[in-house]
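Work through the exercises below with the sequence and the coordinates at hand. Each task is followed by a solution in steps.

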Amino acid sequence: MTSIDSTTEIRSFHVDVPNEDQATLRRRIAGDALAETETRA
Amino acid sequence: MSSTVETASDISPFQVDIPDEALEDLRRRIAATRWPSKELVPDRSQGVQLATLQELAHYWATDYDWRKAEAKLNALPQFTTEIDGVNIHFIHVQSPHAHALPLIMTHGWPGSVVELLETVGPLTDPTAHGGDAADAFHLVLPSLPGYGFSGEPTDVGWELSRIARAWAELMLRLGYTRYVAQGGDVGAGVTDALGRQAPEGLLGIHTNLLVPALGGAMPTATDEERAAAAKLATFQQSGNGYFIEMATRPQTIGYALLDSPVALAAWMVDHDTDAYYKIAGAFVDGEPSGNLTRDHILDNITLYWLTGTGASAARSYWEAYGPDAPAAGRQPLPSPTIPFGFTTFPGEIWRTPRSWVEASYPNVIYFHAVDKGGHFAAWEEPQLFTDEVRAAFRSLR
């Protein structure tokens, strides 16, 4: 194995986001201090 | 109150009183910041550097004390009055010297009355600050509509001329029949507009940003003029991202500014190159430039945060400079013929040559190039700035 071989490796990949990240996202959306309504309709 | 007219012209005392919960929420949000990775360059060319923002956030969440800023504001006479449908907050300090000249002085973006506070003492009470009673001013410092403790417009049309008309009404309401005006940044735009309107009683104006240079060609015959033009071109090519965003899509950036204190701080710190590196120096190296200290910088950012005015302040650019605003394409009034004074500070976005001032204003009574200070001149060098204001208006008393 050389360093050149290593960098050309192709690995399989699966998405696996922890539930806590999704919970944090929802918490942050709920806590958003929204900008006021824009001044133009 | 017997009539709506009387109600609308009432002037009410005002004190800042931020609840503890708002300060706790601010600290919680700073602690919860999700940081980007470090920029890939050794300078500010990709924007506000990570180390600068992290030092700022750390100081903000730990050592910084808003209550000191609040006490400083509340030590001054503050008022609100409704003008043209918007509640205007202003500081009004009357000089102990009876023959003082009334002066209305306007802050810019990303500033507020905070940037002008250190000039209050020297301008209103010169004898207590090594000056002459003959140079005293009665000082009026309004918060622009949508900024700080002023209300925010609920309809469109609040461009620079409308603000200027409101300022003339404010001075009239305060009983001033002879007065002068001063401004930098957006405040220079308001002051320029006020000069063009030349309301009765306005004796002259002084600015420290040459507004007409932003909108038209200036002479480029000399090395000094070409150097100024090159600096201005650099700003318009790579330094005005904030300007374009706020002039075109203020609502979009507003969501981040209202929701994340660190986003707000980054947006406000990313102004001109000179000011940015001075602010970075204050936080990263502990070496402030003049009065541009960590606490003073955070007083201003915290004011925007606590009043939730990031979006409404951004909209003022849409109104003044945006292509979709009602004022877009409207020709400005002719150059003011009233007396005009100008000071160029070396760290400003461009060093303004005297020839540019004379090409912009027909009645220049004062011009001076000073040796220190930058875009936030009053904030960074309050004593020097005060000396300039005194000198500029001395012949109009």
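Of the 41 residues in chain A, 5% are buried. Chain A has two helices and zero strands. The model is predicted, and the exercises that follow turn to chain B.

**Exercise 1. Determine how helix 10 and helix 15 of chain B are oriented to each other, and which residues make the contact.**

Solution. Step one is the geometry: helix 10 (residues 241-248) and helix 15 (residues 310-321) of chain B pack at about 80°, and their axes are 6 Å apart. Angles from 65 to 115 degrees count as roughly perpendicular, so helix 10 of chain B is roughly perpendicular to helix 15 of chain B.

Step two is the contact itself. Helix 10 of chain B contributes B:Phe243, B:Met246 and B:Ala247, which meet B:Ala314, B:Tyr317, B:Trp318 and B:Tyr321 of helix 15 of chain B. Sorted by class, this contact of helix 10 with helix 15 of chain B has seven nonpolar residues, no polar and no charged ones.

**Exercise 2. Check the length of helix 15 of chain B against its number of residues, then describe its surroundings.**

Solution. The expected span is 1.5 Å times one less than the number of residues. For the twelve residues of helix 15 of chain B this gives 16 Å, and the end C-alpha atoms are 17 Å apart, which agrees.

Next comes burial. Twelve of the twelve residues of helix 15 of chain B are buried, so the helix is largely enclosed by the rest of the structure. Among the buried residues are B:Arg315 and B:Glu319, as well as B:Gly310 and B:Ser312.

Last, the partners: the buried residues of helix 15 of chain B pack against helix 6 (160-173), helix 7 (186-197), helix 10, helix 11 (250-259), helix 12 (261-269) and helix 14 (294-307) of chain B. One of these partners, helix 12 of chain B, is itself mostly covered, with eight of its nine residues buried. They are B:Pro261, B:Val262, B:Leu264, B:Ala265, B:Ala266, B:Trp267, B:Met268 and B:Val269.

**Exercise 3. Which residues have the most contacts inside the largest nonpolar core, and which helix gives the most to this core?**

Solution. In soluble globular proteins, nonpolar side chains tend to be buried together. Here the largest nonpolar core has 105 residues, and those with the most contacts inside it are B:Leu103, B:Trp167, B:Leu194, B:Ala265 and B:Ile279. Helix 6 of chain B gives the most to this core, namely eight residues.

Take B:Leu103 as an example. Leaving out residues up to four places away in sequence, B:Leu103 touches B:Leu123, B:Phe137, B:His138, B:Leu139, B:Val140, B:Tyr179, B:Val180 and B:Gln182.

**Exercise 4. Classify B:Phe342, B:Glu388 and B:Ala280 as buried or exposed, and list their contacts beyond four places in sequence.**

Solution. The cut-off for a buried residue is 20 or more other C-beta atoms within 10 Å.

- B:Phe342 is in strand 8 (residues 340-344) of chain B. Its 26 C-beta neighbours inside 10 Å make B:Phe342 buried. B:Phe342 touches B:His206, B:Thr207, B:Leu210, B:Thr352, B:Val357, B:Tyr366 and B:Phe367.
- B:Glu388 is in helix 18 (residues 382-393) of chain B. With 25 other C-beta atoms within 10 Å, B:Glu388 is buried. Its contacts are B:Thr343, B:His368 and B:Val370. B:Glu388 and B:Thr343 are 45 residues apart in sequence, with their C-alpha atoms 7.0 Å apart.
- B:Ala280 is in helix 13 (residues 273-285) of chain B. B:Ala280 counts as buried, with 20 C-beta neighbours inside 10 Å. B:Ala280 is in contact with B:Gln49 and B:Thr52. The C-alpha atoms of B:Ala280 and B:Thr52 are separated by 5.5 Å, although these residues are 228 places apart along the chain.

**Exercise 5. Locate the backbone features at B:Pro110, B:Asp84 and B:Ala198.**

Solution. Start with omega: the peptide bond from B:Trp109 to B:Pro110 is cis, with omega near 0°. B:Pro110 lies in the loop between strand 4 (101-106) and helix 5 (120-124) of chain B.

Then turn to phi. B:Asp84, which is not a glycine, has a positive phi of about 55°. B:Asp84 lies in the loop between strand 2 (78-83) and strand 3 (86-93) of chain B, and is partly exposed with 15 other C-beta atoms within 10 Å.

B:Ala198 has a positive phi near 45° and is likewise a residue other than glycine. B:Ala198 lies in the loop between helix 7 and strand 7 (202-207) of chain B. B:Ala198 counts as partly exposed, with 15 C-beta neighbours inside 10 Å.

Key. Residues are numbered from 1 along each chain as its sequence is written. Chains are lettered from A and ligands numbered from 1 in the order in which they are written. This is a predicted model: local features need pLDDT of at least 70, side-chain atom pairs count only at pLDDT 80 or more; totals for chains, interfaces and linings use all residues. Axes are lines fitted to C-alpha atoms, for helices over the stretch in contact, and angles run from 0 to 180 degrees between N-to-C directions. Helices (H or I, at least four residues) and strands (E, at least two) are DSSP runs, numbered from the N terminus. Angles under 35 degrees count as roughly parallel, over 145 as roughly antiparallel, 65 to 115 as roughly perpendicular and the rest as oblique. Two residues are in contact if their C-beta atoms, placed from the backbone, lie within 7 Å. Ala, Val, Leu, Ile, Met, Phe, Trp, Tyr, Cys and Pro count as nonpolar, Asp, Glu, Lys and Arg as charged, and the others, Gly among them, as polar. A nonpolar core is a set of buried Ala, Val, Leu, Ile, Met, Phe, Trp, Tyr and Cys residues joined through C-beta atoms within 7 Å.
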